[in-house]
Structure formats: C-alpha cells, structure tokens
Amino acid sequence: MSAQAAARTSADTVRASGDARLSVEQVSYAYSLNPAQAPLFTLEATSFQARPGEILAILGPNASGKSTLLKLISGALQPLSGRVLLNGFVTHALSPKTRAQRIAVVQQESRLLFPSRAWEFVLQGRHPYGRPMRFETEDDVIIARNALAQVGAEHLSDRWMDQISGGEKQRVILARALAQQPLLLLLDEPTLHLDIGAQVDLLDALRRLAAENRYTVVVVTHELNLAAEYADQVVLLQRGKSLRIGPPANVYQRELLEQVFQTPLSVELGSTGRPRVNVLSG
Amino acid sequence: MRPLSLQRLLLRCAALAAVLFVVVVIALKLGAVPVSLYGLGRDLIRVMLGRSSELSTDYGMIVIDIRLPRILLGIVVGASLSVAGTSFQALLRNPLADPYVLGVSSGAALGAILAIIAEPHLAISPELAALFTPLGAFLGAAATIAAVYFLGRREGQIDSSTLLLAGIISASFLSAIILFLMTTQIGRDMHGIAFWIMGDLSTPLQQKLRWVLGVGFVAAAGAIYTTASDLNLLLAGEKEAMHLGVDVPRVHLVVYIAASVLTGLAVSVSGAIGYVGLLVPHVMRFIFGSDHRMLLPAAAFGGAIAVVIADTLARTVVAPAELPVGVMTAMAGAPLFIYLLRRRLA
C-alpha cells in the first residue's frame, strides 16, 4: 500500500469511527519470547469497524491470529501499534473494572476448581459493578435472572455447573456475560464441542440478543457456514494478515478460501441468500 | 437464587463462635489436673472482673495461667494456618495447597531459626528483638512460596502435580537444613526439633509477642478478606477473572504477602503444625460452599476449633506426658490428603 493510500485509509477510518461502536484502527501485534530475536508471530496492521447490533465473525485457519485479534479487541493485550476504540475509549487503557462493565468475554473452556451452582456463576457477571466487600443486591439478582431467561436457561438456575451438558453450560456462560450488561460481546469459538443443534440454538440466541440489546458481537469461529449464515461482517485472516473484510458474500470467494484453507472447495448461494461452502473431497 | 447476605454471614459466624466457645470451655476443663465446671466459671468471671488475686486454688492458677493462654494461642495459630491454606488454594488454584504441604511452614521455621541464631550477633534493641523471629519466619515463608511457585510451573502454566512435588521436595530439603542447624547449634536458647518440625503449643508466648500476633493476624486476615469476592472469580482462572474486572496482579500480591504473614506468625510461635490449612478449608467448603466471603471467616473459626481440639487431645491422650500438637493434626490430616488426592486423580 502506498503512503498516499495509507493516509486515505486512515482518514476514512477516523470519519467512519464517528458512528461505529467498535473501531479497530491499524492494530498490529508481535509475539516473541526474547525481544532480541525475530518475533514468532506477527499480526499485521488491521482495521475494521462494527456497529451496535452487528455480528462480526473472525475466520481463518489455525495460527492465523484469530485469538490474538480477539485479545487485542478485549484490551487484554496492548497493540504494538494502532488502537482499539469502544465508544471512543481505548479498550486497553480502561481499568479492569470499567472494561468488564463494557466488554464481556466468553472463553473456550471454563473449568471450575470447586463446583458452583448456575445462578452463582451468573451472578459473578455482576462483580464489576460491586465494591470489594459488597453483597449482591436485589437488582443484581433480577439482572442475573433476566440474563438466564434471555438465553432460555431459567430451569438450570439451581443445577451444578459440572452436572449440565456442554450446550447448557455454554448458555449459562453466555448468561453470565449478559449479566455484565456489556456494550461489546466477544466469543472465542463458542460452538466448539457443541452438536449442530446446540450450535444453531446458540447462534440464534446471539443474533436475537445483538438485535434486542444492541450489543456489538465479535465471534471467533472455525464454522464457515455458520459464520456465513449469522455474521453481518467477516474478517478473514491468514498467518497474521487480514486478507479481506466485509459482508460474507464479498469474502466467500472460492479461490480466496481455497488458498487460505489449502483445500479444494466450492462456494454457492444458499436458500437464505447467504454463501455456502462445500468441501470437495479427493 | 439466594446470594449470601450480611445477615446470613453474621448468623453463621455467630454459630461457629458458639461452637468455638463450647470447645474452649471443654478444653479448659480437661487436663492432667481435673477442674469442676463451677470452679472454672467462677475463676473465669473473677479474671474478667480483674480480680485475679482472689483466685481460690492452685487449680485456678493452672486453668487461667497455663491452659487459657495456651488455648488462646491455639485459636490464633489455627485461624492463621486455616486462612492461609484457604488463600493458597485459591491463589494457586490447587485444592491440595496448604502451608505445610507446600513447604511454606518449613521455610518459615527455617527463617525463624536463622533469625534466632543471627539475633545475638546483631545490635538490635530488646524491643525490636521480639519482632525479629516472626519477621524471619515471614521472610522464610514468602521466599519458599515464591520458589515453589516458580518450580511448579511448566511451560508458563502452574501445573498441579509439579507444584505439589516442588512443595514436598522443598519441605524435605528445608527440614534437612533445620535438623542440621539444630544439631550444630546445640546449647542455644532454641526450641527443640519436634517444635519446629511437628509444631507445639506448649511454649508460653512472650508478653511482647502477644500484640504482634494479634495485630498481625487481624491485619493480614483482613487484607485477604478484602479480596474475598475476587478470589471467587479466580477459581475459574486468571483470564476469566480479569475479564470480570478483577485486578489479578494486585489480588495476587495482597494474598501472597498476607498469607505469608499468617504462616510466618503461626510458625514463629508454634512451629510447623501440619494439615490444618488443608483439612479445615475442605470441611468448611463442604458445609458452607466455596464463596470466600463466607469461607474465609468459617475457615478462621474452623481452624481455631480444630487446633484447640487437637491440642487438648495432645495434652490428654498420653497424660501426664504430652504429644506435639502436630502429631494429632498429621494423624487426622494425612489420610484426608490421600483421599483428596485419589479423588482428584480419579
């Protein structure tokens, strides 16, 4: 990219970020064990925006930088250059508490050291709103109960977290994120270990929640077809480089996907008007 | 959905305090010299009214001047070890963590011994000299937990079994140094080997140290309690806790220092009493659940109750001879440790 083009892109970014809730601006990152050595992994400068109510999917093969990008968005990692803005605030610069009031993160696996009940788990989402020694208020209980209801998991309230199925657990974890009342919802492979029915249930819930609560949702996923079906925007990564950003129909090009995923495949338009990927064996 | 309320917390603490009171009364009554409940009550009231000079009999003197201070010491030591154990379990995310198993108690004992050896060679005023042993024990505890923490890491992550192995190896290494020092430093005014290795409450506490122990316990346990709800989230992992608004490095630092203070204080006055920090938190978790806002005070009361009972047994089962209190706690604690380890591996 020429210097002129770069300047134009960054000017566009500034203009566009006016109405965007999440604005990722020329964010890059480099991993290295030893600062003297060449980095083991780099994420090249990446920019995109997402508005309230939008679902954005981050796609790419293993080791393409999906989770790193998600960590940069969440503010857990500090970018090497560029910045991530949420409603105009740099996410990395927020205090842990303020950040937790605005950004909820659903991780791949939640392992508990000691068992707890689902309602206790969901109430943890109210932690960023409490003072250190405070006990949960009536409001916290109402918010947690609503969060469980929003993901259709009221009936799980009194169950132990280690005695419910993977799909049920994923719902409770999502409910805890909702109890944080965030602006931005980040999910790292939420459909991993779920059967197809549970995957569709979860993504249906996400789409409904994004629309109802005006969340901005960012999902890291391996599921090309589910991303095509549910995402408003897709970021396609390969080896730390964002190859294409836009609506699924623009990103899902056969040659591009074949090159990124190193496998022959076909792309057609599904009955919903969204692209559909089929892997061609042999 | 019924989250913990202040009222429920206080009610449960009151119940535990009542149990502790009953245990203390029984412990005062039992011993080589029998005491009647009536005489006990009468003498206790006289002491509370500041009329100790009117104490009727030698029996009263035994109860008030010997048994009561020893029981109070047991209460603070038990509460300290148990709160330290609860904190280490959350901090290291390991249900088998305990100051004794991790070698932290041995480190504190070595620190205390080194302080006792070094003290005459340093020009310290007598007032500060009393503080010197607990300070050495704190530094020994803090250094050991740091060493065990780094030895227990594999590929940047705390590994449960590596951590326990590191702790057990450290404990045995430090005990060897303690035995070496005890053998080569004969003739000094120092407790015996059994005191440092097994723990013993029979040595009366120096007057000056009473304040250090009391204030130190309240400050350190209070500091840990301010992180109680953060510890609840840390159980699910450091990343999860961070995303829920926990300032993870700050909580680690507070709990690490305060738990080392508690271990150091307890060990400097009673030696390395084992398994209290392992056994009691598990029993309390079983009864009250794993919410640290409830668990930490429950562990404090439970630790006090457990050590007073263990020490009463140590005083009485082979009377007129006495066992170190650590013999009783290890006899009860080691089998539980094995049970928990087996269940965890299953």
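**Entry 1: where the chains meet**

I started with the interface in this predicted model. I found 24 residues of chain B in contact with 28 residues of chain A. On the chain B side, helix 9 (228-234) and helix 10 (238-243) each supply at least two residues. Which helix gives the largest share of that side? I noted helix 10 of chain B, with four residues. By character, I sorted the chain B residues that touch chain A into eleven nonpolar, eight polar and five charged.

**Entry 2: chain B as a whole**

Next I stepped back to look at chain B, where I listed 14 helices and two strands. Its radius of gyration is 20 Å, close to the 20 Å from the globule rule for 346 residues, so I wrote chain B down as being as compact as a globular protein of that length. Along the principal axes, I got a box of roughly 65 × 55 × 40 Å around the C-alpha atoms of chain B. Buried residues account for 47% of the 346 residues in chain B. I also looked at contacts in chain B between residues at least 6 apart in sequence: 76% of them join residues at least 24 apart.

**Entry 3: the nonpolar core**

I then turned to the largest nonpolar core, which has 171 residues. Which residues have the most contacts inside this core? My list reads Val122(A), Ala175(A), Leu186(A) and Leu262(B). Helix 13 (residues 292-316) of chain B gives the most to this core, with 14 residues.

I picked Leu186(A) for a closer look. Setting aside neighbours within four places in sequence, I see Leu186(A) in contact with Leu70(A), Ile73(A), Ser74(A), Ile103(A), Val105(A), Val106(A) and Val218(A).

**Entry 4: an open sheet in chain A**

Back in chain A, I traced an open sheet of four strands in the order 2-1-4-5, with antiparallel pairing. Why do strand 2 (41-50) and strand 5 (89-90) of chain A each have one side without a neighbour in the sheet? Both stand at the edges with a single partner strand, so nothing in the sheet flanks the other side.

Further in, I followed strand 1 (residues 22-31) and strand 4 (residues 81-86) of chain A, which pair in the antiparallel sense over five bridges. As a handle on the register, I noted that Glu25(A) has Arg83(A) in strand 4 of chain A as its bridge partner. Helix 2 (residues 66-74) of chain A packs on this sheet and touches strand 1, strand 2 and strand 4 of chain A. I put the angle between the directions of helix 2 and strand 1 of chain A at about 125°.

**Entry 5: Leu94(A)**

I also looked up Leu94(A), which sits in the loop between strand 5 and helix 3 (96-102) of chain A. Is Leu94(A) buried or partly exposed? I count 16 other C-beta atoms within 10 Å, so Leu94(A) is partly exposed. Not counting residues up to four places away in sequence, Leu94(A) touches Gly75(A), Phe89(A) and Arg99(A). For Ile73(A), 21 residues away along the chain, I get a C-alpha separation of 12 Å from Leu94(A).

**Entry 6: a hairpin in chain A**

Last, I checked strand 11 (residues 265-269) of chain A: of its five residues, the number buried is zero, so the strand lies largely in the open. Strand 11 pairs with strand 12 (residues 275-279) of chain A in the antiparallel sense over five bridges. One of the pairings I noted joins Leu265(A) to its bridge partner Val279(A) in strand 12 of chain A. The two strands form a hairpin with five residues between them. In the turn, I found Gly273(A) with a positive phi of about 85°.

How values were computed:
Residues numbered from 1 in each chain as written. Chains lettered and ligands numbered in written order. Predicted model: local features only at pLDDT ≥ 70, side-chain atom pairs only at ≥ 80, totals over all residues. Rg over C-alpha atoms; globule rule 2.2 N^0.38 Å. Buried ≥ 20, exposed ≤ 12 C-beta atoms within 10 Å, placed from the backbone. Contact = placed C-beta atoms within 7 Å. Pairing = 2+ DSSP bridges. Axes fitted to C-alpha atoms, helices over the stretch in contact; angles between N-to-C directions. Nonpolar A, V, L, I, M, F, W, Y, C, P; charged D, E, K, R; others polar. Core = buried A, V, L, I, M, F, W, Y, C linked by C-beta atoms within 7 Å.
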